[in-house]
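Me: I'm new to this structure and would like to understand the labels people put on it. Could you walk me through the reasoning?

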Amino acid sequence: MDLWRFALDGGLLEGALALVKLPRLQDELADAKGEIFFRVQGETIGVEHPGGHGKAALRVSVSGELPLICQRCLSPVAIPLRIESRLELADAESALTQEELEDETLDFLPVAAGKAGFRSALELVEDEILLALPTAPRHDDCALPVVEAIQTEHPFAALAALKGRVTD
Ligand SMILES: [Zn+2]
């Protein structure tokens, strides 16, 4: 969709999104059976942008739970997802001012005008989810796998057991 048009028109897109529809997220997931809820709302700020566009922004909300892989015990862990971002559209052709770059309350989304700026809402939602992923998801309370005990049995059996747990 044309994100400039969508934002300036105050467009609204919301719904449930199956995790299988987010290709860049698949490597992080323990399974892709679930879904999350998203909402993309366009809004204008009412000041003319120097590039000729009105100031336009998108509010992106995502909620739900992601089945990630616990980095301690390697079994699935449901991580709650709560994203509330406000992205101000910036003309991809013109550089941001120093003032804009230093303002940490603003997040900019560079978008070219016209066809070049077409982007799907799902890509946008996926970007926000990838940014929000914890670097090391973990259960609040879980034990480390007892590697030494398993290794005395059979190293390859232990490896197979671990792999089985990841893909289960
Ligand atoms: Zn764990």
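Me: What makes Cys70, Cys73, His139 and Cys142 the residues that coordinate the zinc ion?
Reply: In this predicted model, the donor atoms are SG of Cys70, Cys73 and Cys142 and ND1 of His139, at 2.0 to 2.3 Å from the zinc ion. A donor has to be an N, O or S atom within 2.8 Å of the metal, so these atoms qualify.

Me: Why is the arrangement around the zinc ion called tetrahedral?
Reply: The four donor atoms subtend angles of 105 to 116 degrees. Four donors count as tetrahedral if all angles lie between 85 and 135 degrees, so the label fits.

Me: Where do the donors sit along the chain?
Reply: Their spacing is C-x2-C-x65-H-x2-C. Cys70 belongs to the loop between strands S3 and S4, and Cys142 to the loop between helices H3 and H4, so this pair ties together parts that are 72 residues apart in sequence.

Me: How do you know whether Cys70 and Cys73 are buried or exposed?
Reply: Cys70 has 0% relative accessibility and Cys73 has 6%. Buried means under 20%, so Cys70 is buried, and so is Cys73.

Me: Why is Leu130 called partly exposed?
Reply: Leu130, in helix H3, has 29% relative accessibility. Partly exposed covers the range between 20% and 50%, so Leu130 belongs there.

Me: Which residues does Leu130 touch, leaving out those up to four places away in sequence?
Reply: Leu130 touches Arg24 and Leu25. Leu130 and Arg24 are 106 residues apart along the chain, with 8.1 Å between their C-alpha atoms.

How values were computed
Residues are numbered from 1 along each chain as its sequence is written. This is a predicted model: local features need pLDDT of at least 70, side-chain atom pairs count only at pLDDT 80 or more; totals for chains, interfaces and linings use all residues. Side-chain values use heavy atoms; hydrogens and water are left out. Donors are N, O and S atoms within 2.8 Å of the metal (3.2 Å for Na, K and Ca); water is not among the atoms, so sites may look incomplete. Four donors count as tetrahedral if all angles lie between 85 and 135 degrees; four count as square planar and six as octahedral if opposite donors are over 155 degrees apart and all others between 65 and 115; anything else is irregular. Helices (H or I, at least four residues) and strands (E, at least two) are DSSP runs, numbered from the N terminus. Buried means under 20% relative accessible area, exposed over 50%, partly exposed in between (1.4 Å probe, protein chains only). Contact means heavy atoms within 4.5 Å.
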